[in-house]
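Welcome to this guided tour. Open your viewer, keep the selection tool ready, and follow the stops below.

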Amino acid sequence: MGKDDVVQSGAGGGEFAAKDYTDPPPAPLVDAAELGSWSLYRAVIAEFIATLLFLYVTVATVIGYKHQTDASASGAGADAACGGVGVLGIAWAFGGMIFVLVYCTAGISGGHINPAVTFGLFLARKVSLVRALLYMVAQCLGAVCGVGLVKAFQSAYFDRYGGGANSLASGYSRGAGLGAEIVGTFVLVYTVFSATDPKRNARDSHVPVLAPLPIGFAVFMVHLATIPVTGTGINPARSLGAAVVYNKDKPWDDHWIFWVGPLLGAAIAAFYHQYILRAGAIKALGSFRSNA
């Protein structure tokens with residue numbers, strides 16, 4: 001019996017428990033009973049509002065930065081390029097908002113705020129199909145509404161500065177953009193699984209409180225790496241919301257990258273965490289053999 005299977009308890013240290021954590025049971029693929037539960041709809045509303053706020057703050061930051069660095073509009077002349085929050089500030093806006101919103105909504109909906117995260121958790125049987133689909137719809141609608149608020153409040157600058165929409169930067173191939181989205185989303189979803197792992201939560205009582213922090217930092221770090229390539233999607237709702245409201249050809253040209261990349265990255269992260277790190281495949285095989 002390894003150290004992951006026992007824990008010392010009691011003042012004298014003479015008693016051992018078989019496990020110091022309990023894995024939650026897999027969510028059912030389809031749980032029709034959920035549709036009659038208020039907690040599901042409360043969680044869906046929380047996902048909608050959280051994604052709305054996320055897109056409002058982050059896209060407003062992008063638009064503001066582009067305005068501040070526009071030499072013809074800001075009046076700063078040659079110094080305009082040094083103005084604004086910079087790429088670092090944009091990355092902080094995305095990462096910081098994820099930290100805040102995950103902290104606020106984790107106890108209600110799990111704080112997904114991203115269809116790729118929901119998809120990864122669904123593949124790992126953490127949420128049912130019904131909940132996953134409702135979450136994704138709410139996230140996409142919230143993203144559209146959040147970007148719509150930015151356009152309403154900054155109508156003079158929204159179209160001029162690209163609406164904060166994701167698009168493949170010049171000089172990069174579609175393969176490079178797709179790869180950036182896959183790897184970036186893998187980092188995010190892998191962090192989500194690690195930060196919310198029940199085994200880790202059982203051993204370190206501070207982890208549930210701090211879980212939003214590494215998730216927010218993951219978003220921050222991925223933005224630093226991929227803003228020059230795709231503007232950083234890693235969230236299909238974020239990309240869809242900006243593309244719908246801005247509605248110009250360029251964001252739609254390679255929009256598939258911002259769905260295929262994140263969903264693939266999330267699927268790989270779910271497989272890696274559940275079947276490699278948590279040895280889900282080996283446990284399933286052992287259970288099969290014991291029942292044979």
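How far apart do the end C-alpha atoms of residues 175-195 lie? Select that span: the end C-alpha atoms lie 30 Å apart, and the span is 100% helix and 0% strand. Before moving on, please note that this is a predicted model, where local features need pLDDT of at least 70 and side-chain atom pairs count only at pLDDT 80 or more, while totals for chains, interfaces and linings use all residues. Residues are numbered from 1 along each chain as its sequence is written, and side-chain values use heavy atoms, with hydrogens and water left out.

**Stop 1: the whole protein**

Switch to a cartoon view. You should find 14 helices and two strands; these are DSSP runs numbered from the N terminus, with helices being H or I runs of at least four residues and strands E runs of at least two. Of the 292 residues, 45% are buried. Buried means under 20% relative accessible area, exposed means over 50%, and partly exposed is in between (1.4 Å probe, protein chains only).

Now colour the spans that UniProt lists as "transmembrane region": residues 43-63, 82-102, 133-153, 175-195, 207-227 and 257-277. UniProt positions are given here in the numbering used for this model, feature names are shortened, and such annotations may be inferred rather than shown by experiment. Try residues 43-63: the chain there is 100% helix and 0% strand, with end C-alpha atoms 30 Å apart.

**Stop 2: the nonpolar core**

Select Phe54, Val59, Val147, Phe158, Leu188 and Ile215. Of the 48 residues in the largest nonpolar core, these touch the most other members. A nonpolar core is a set of buried Ala, Val, Leu, Ile, Met, Phe, Trp, Tyr and Cys residues joined through side-chain atoms within 4.5 Å. Several helices give two or more residues to this core, including H1 (38-68), H5 (129-153), H7 (174-195) and H10 (212-230). Which helix gives the most? That is H1, with eight residues.

Zoom in on Val59. Not counting residues up to four places away in sequence, Val59 touches Val147, Val150, Phe158, Gly163 and Gly164; contact means heavy atoms within 4.5 Å. Apart from the largest core lies another core, of six residues, with Leu40, Ala43, Val44 and Ala138 among them.

**Stop 3: a kinked helix**

Follow H10 along its length. Where is the kink? Look at Leu224, shortly before the proline Pro228, where H10 kinks by about 45 degrees. The bend at a residue is the angle between axes fitted to the seven residues ending there and the seven starting there. Buried residues in H10 include Ile215, Phe220, His223 and Thr226. Just after H10 comes Gly231, with a positive phi near 80 degrees.

From Gly231, step across to Ser167, in the loop between H6 and H7. Leaving aside neighbours within four places in sequence, Ser167 is in contact with Val229, Thr230, Gly231, Lys250, Pro251 and Phe258. Is Ser167 buried or exposed? At 18% relative accessibility, Ser167 counts as buried.

**Stop 4: the salt bridges**

How many salt bridges does the structure hold? There are three. A salt bridge is a side-chain nitrogen of Lys or Arg within 4 Å of a carboxyl oxygen of Asp or Glu.

- Select Arg131 and Glu34, whose closest N and O atoms are 3.0 Å apart. Arg131 lies in helix H5 and Glu34 in the loop between strand E2 (15-17) and H1, so the pair ties together parts that are 97 residues apart in sequence. Both Arg131 and Glu34 are buried.
- Select Lys248 and Asp159, with their closest N and O atoms 3.9 Å apart. Lys248 sits in the loop between H11 and H12 (249-253), while Asp159 sits in the loop between H6 (155-158) and H7, 89 residues apart.
- Select Arg174 and Asp254, which meet at 2.6 Å, N to O. Arg174 is partly exposed at 49% relative accessible area, whereas Asp254 is buried at 11%.

**Stop 5: an exposed residue**

Finish at Val30, in the loop between E2 and H1. Val30 is exposed, with a relative accessible area of 53%. Beyond neighbours within four places in sequence, Val30 is in contact with Leu129 and Val130.
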